[in-house]
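The following exercises practise the reading of a protein model. Please study the sequence and the structure shown below before attempting each task.

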Amino acid sequence: VFDIANFEQYLTTVDLSWADSVCIHHTAAPSLEQRPVGFKLEHMVNLEDYYKNKLGWSTGPHLFADEEQIFGMSSLWRRGVHAVSFNHRSIGIECLGNYDEEDPKSGRGLACMRNTAIATGLLLDAMGLPANDETVLFHRDDPASSKTCPGKKVDKDWFLSLINQGVLELTLEQRVERIETHLGLC
């Protein structure tokens with residue numbers, strides 16, 4: 001389980017050379033309504049059991065994001081299982097919510113999307129890649145899928161702007177924190 005700062009630090013220890021993109025999903029079930037306080041570790045254990053024992057998958061998506069945290073499920077060192085056409089080259093992130101029905105642009109939906117966007121931006125930075133249509137994939141971009149992930153209400157240009165905005169804001173916050181730490185203010 002990571003907050004953004006810990007996730008950024010963790011990424012300095014991971015070899016992501018196998019990946020050239022990040023694929024965004026929404027959980028659909030559970031929805032925001034079904035997880036009113038976000039994910040807990042027990043939810044991750046249950047999801048892992050679902051992927052392995054119900055679906056028979058060897059692994060699952062790499063990460064799950066709610067409004068405050070990022071949960072690891074599958075190793076970032078190797079491919080996961082999340083989108084047939086993209087598994088071999090893409091890191092899969094599941095964003096809490098059902099964005100076919102719930103609003104991704106306000107309230108908790110926006111907070112979950114923003115956290116997912118920041119995680120995506122950090123992954124792309126760690127891979128030395130820009131955020132664009134080639135490096136940020138939606139599950140619905142997979143020609144072998146009929147999924148709507150990350151939801152019909154999520155527009156890719158809007159999500160790309162969240163990535164760019166989130167990374168810029170994070171960088172500013174980090175600069176301030178580092179200066180305060182250096183000056184002994186923290």
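**Exercise 1. Locate Ala28, state its backbone peculiarity, and classify its exposure.**

Step 1. Ala28 is found in the loop between β1 and α2. Helices (H or I, at least four residues) and strands (E, at least two) are DSSP runs, numbered from the N terminus.

Step 2. Although Ala28 is not a glycine, its phi is positive, about 60°.

Step 3. Ala28 counts as partly exposed because its relative accessibility is 28%; buried means under 20% relative accessible area, exposed over 50%, and partly exposed in between (1.4 Å probe, protein chains only).

Step 4. The model is predicted: local features need pLDDT of at least 70, side-chain atom pairs count only at pLDDT 80 or more, and totals for chains, interfaces and linings use all residues. Residues are numbered from 1 along each chain as its sequence is written, and side-chain values use heavy atoms, with hydrogens and water left out.

**Exercise 2. Describe the cis peptide bonds that precede Pro30 and Pro150.**

Step 1. Pro30 lies in the loop between β1 and α2. The bond leading from Ala29 to Pro30 is cis, with omega near 15°.

Step 2. Pro150 belongs to the loop between β5 (136-138) and α4 (156-182). Cys149 and Pro150 are joined by a cis peptide bond whose omega is about 0°.

**Exercise 3. Summarise the chain as a whole: which elements does it have, and in what order do they run?**

Step 1. Four helices and five strands are present in the chain.

Step 2. Read from the N terminus, the order is α-β-α-β-β-β-α-β-α.

Step 3. Of the 186 residues in the chain, 47% are buried.

Step 4. Contact means heavy atoms within 4.5 Å. Among contacts in the chain with a separation of 6 or more, 72% are between residues 24 or more positions apart.

**Exercise 4. Determine where Phe2 lies and what it touches.**

Step 1. Phe2 is placed in the segment before α1. Its relative accessible area is 17%, so Phe2 is buried.

Step 2. Beyond its neighbours within four places in sequence, Phe2 contacts Phe7, Tyr10, Glu68, Gln69 and Ile70.

Step 3. Phe2 and Phe71 are 69 residues apart in sequence, yet their C-alpha atoms are 6.3 Å apart in space.

**Exercise 5. Examine two residues of helix α3, Asn115 and Thr120: is each buried or exposed?**

Step 1. Asn115 is in helix α3 (residues 107-127), and Thr120 is found in helix α3 too.

Step 2. Asn115 is buried because its relative accessible area is 7%. Thr120 is buried, with a value of 0%.

Step 3. Not counting residues up to four places away in sequence, Asn115 touches Ile4, Ala65, Asp66, Glu67, Glu68, Gln69 and Ile70. With neighbours within four places in sequence left aside, the contacts of Thr120 are Val22, Ile24, Ile93, Val136, Phe159 and Ile163.

**Exercise 6. Relate Trp18 and Gly80 to Ser90.**

Step 1. Trp18 is in the loop between α1 (4-11) and β1, whereas Gly80 is in the loop between β3 (70-72) and β4 (90-95).

Step 2. Trp18 and Ser90 are 72 residues apart in sequence and 8.4 Å apart from C-alpha to C-alpha. Gly80 and Ser90 are ten residues apart along the chain, and their C-alpha atoms are separated by 8.2 Å.

Step 3. Leaving aside neighbours within four places in sequence, Trp18 is in contact with several residues, including His62, Asn87 and Ser90. On the same terms, Gly80 is in contact with Thr59, Gly60, His62 and Asn87.

Step 4. A polar atom of the side chain of Trp18 lies 2.9 Å from the backbone oxygen of Leu76.

Step 5. Gly80 has a relative accessible area of 0% and is therefore buried.

Methods. A polar contact is a pair of N or O atoms within 3.5 Å; within protein, one must be able to donate a hydrogen and the other to accept it, and residues adjacent in sequence count only if both atoms are side-chain atoms.
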